[in-house]
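Welcome, and please open your viewer. We will select a few places one after another and see what is there.

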Amino acid sequence: MKKFFAIAIVAVLSALCFSSCTKESGDVLYHVEVSFFDNMDLLTSQVDVGFQEAGFTKVSNHYWKLNGEKNANNKKAKQVFQARCKYIDENRDKIGFAGALALKGQKVTLYYTYGSGEDNVVLDTYTFVKEDAK
């Protein structure tokens, strides 16, 4: 009887490990929201450039999709998002933001949606630190 319980416990633990270790794959949808009224979508459109250059598929205005393993997709999306926001922060004068948008202290949030249970989950944020043009 002890052998039976031991085998049953091992089987249950193996099943739990297998189900928790399986990778979730499919389409992951991403979008960015800004903490201020961006009437002309200047900032959001500039963040979109990063997703486009990184090979994400455009779904609609400011919504991007990546197909594959969810955790790997989220890692890539965070890297693209942070790199693009940092580039925008440091190069506003080259992009044409000088004087157009006061970004210092403003926050941008990256959200993702996966499947039916993970809708608009905060994945990452970026707060602009560079002084605004006078």
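Begin at the start of helix α3: select Glu69 and Asn71, where a side-chain oxygen of Glu69 reaches to within 3.1 Å of the backbone nitrogen of Asn71. This is a predicted model, in which local features need pLDDT of at least 70 and side-chain atom pairs count only at pLDDT 80 or more, while totals for chains, interfaces and linings use all residues. Residues are numbered from 1 along each chain as its sequence is written, and side-chain values use heavy atoms, leaving out hydrogens and water.

Next, select residues 70-90, the whole of α3 (a DSSP run of H or I, at least four residues; strands are runs of E, at least two; both are numbered from the N terminus). Its 21 residues reach 30 Å from the first C-alpha to the last.

Now colour the buried residues of α3 (under 20% relative accessible area, 1.4 Å probe, protein chains only); among them are Ala77, Val80, Phe81, Arg84 and Ile88. Why do the buried residues sit on the same side of α3? They cover an arc of only 160° around the axis, taking directions from the helix axis to the C-beta atoms.

Turn to the face away from that buried side and you will find Asn71 and Lys75, which are exposed (over 50%). On the buried side, show the packing partners, including β1 (25-34), α2 (42-53) and β5 (118-127).

Finally, select His62, in the loop between β2 (57-60) and β3. His62 is buried, with a relative accessible area of 15%. Add Asp48: the two side chains make a polar contact at 2.5 Å (N or O atoms within 3.5 Å; within protein, one must be able to donate a hydrogen and the other to accept it, and residues adjacent in sequence count only if both atoms are side-chain atoms).

Conventions: Expected span 1.5 Å × (residues − 1). Contact = heavy atoms within 4.5 Å.
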